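Please read these notes with the structure open beside you. They go through a few side chains in turn.

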Amino acid sequence: MSEAALARSLVPRAIGRATLLTAAVVAADQLTKAYVRGHVDQGTSDGIFPAVDLVYVRNKGVAFGQLSGSGLAVTIVIAVALLALLAYFATHLDRPGVWVPTGLLLGGSIGNIVDRARDGAVTDFLKLPHWPAFNLADVAITLGVLSLLYVVERAGNRDGADGPS
């Protein structure tokens with residue numbers, strides 16, 4: 001099978017995997033947030049693991065409360081980031097593993113967008129010492145950024161190895 005044919009055969013698989021990972025992240029995120037909204041009083045804190053507290057915080061900004069109170073600015077930042085991600089994914093479907101950062105980033109973003117649309121704020125519930133509260137969508141976004149850097153770096157190393165000396 002030629003390299004081009006192999007790349008074309010990977011496209012549907014990458015899209016399917018990214019879609020499944022997106023759905024899994026959204027489902028896990030929304031289920032945990034629903035649990036917190038239904039079982040934890042806002043403003044309370046309960047240690048669940050050493051150095052990890054379960055809290056209920058409403059975040060109207062983006063990461064760690066930045067841009068709080070800037071509804072339109074938050075919407076624009078999120079829309080631009082998602083469009084850039086989708087453009088990258090669509091133009092790099094043949095890259096091994098590109099579905100991982102795409103699924104994580106889309107799932108995390110959609111999870112937080114659902115909160116904003118429903119409640120006007122994102123539900124955060126995990127708290128580490130000296131760190132703002134966060135949620136599973138935020139974890140997915142962070143892992144998505146790290147895995148995107150890995151995919152891009154790995155592709156850059158591969159392209160450099162194939163290029164002229």
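1. In which helix does T102 lie? T102 belongs to helix α3, which covers residues 99–119. Bear in mind throughout that the model is predicted.

2. Is T102 buried or exposed? Its relative accessibility is 1%. Buried means under 20% relative accessible area, so T102 counts as buried. Leaving aside neighbours within four places in sequence, the residues in contact with T102 are A18, T22, L85 and F89.

3. Next come the salt bridges. How many does a search of the whole structure find? The search finds four. In one of them K33 pairs with D115, and the closest N and O atoms are 3.0 Å apart. This pair links distant parts of the chain, with K33 in helix α1 (residues 3–39) and D115 in helix α3. In sequence the two are 82 residues apart.

4. Are the two partners of that bridge buried or exposed? K33 has a relative accessible area of 0% and is buried. D115 is also at 0% relative accessibility, and it counts as buried because the limit is under 20%. When you view the model, look for this charged pair, K33 and D115, joined by a salt bridge.

5. D115 has another partner, R118, and here the closest N and O atoms are 2.8 Å apart. Both residues sit in helix α3. They are three residues apart, which is about one turn of the helix. R118 has a relative accessible area of 40% and is partly exposed; that label applies because the value falls between 20% and 50%.

6. R118 also meets D119 in a salt bridge, at 3.2 Å from N to O. D119 is partly exposed, with a relative accessible area of 26%. R118 therefore has a salt bridge to D115 and another to D119, both within the cut-off of 4 Å.

7. Which residues are linked in a network of salt bridges? The members are D29, K33, D115, R118 and D119. To trace part of it on screen, start at K33, go to D115, continue to R118 and end at D119. Along this path, K33 is buried and D115 is buried, whereas R118 is partly exposed and D119 is partly exposed.

How values were computed. Residues numbered from 1 in each chain as written. Predicted model: local features only at pLDDT ≥ 70, side-chain atom pairs only at ≥ 80, totals over all residues. Heavy atoms only, no water. Helix = DSSP H or I, 4+ residues; strand = E, 2+ residues; numbered from the N terminus. Buried < 20%, exposed > 50% of the residue type's maximum accessible area, 1.4 Å probe, protein only. Contact = heavy atoms within 4.5 Å. Salt bridge = Lys/Arg side-chain N within 4 Å of Asp/Glu carboxyl O.
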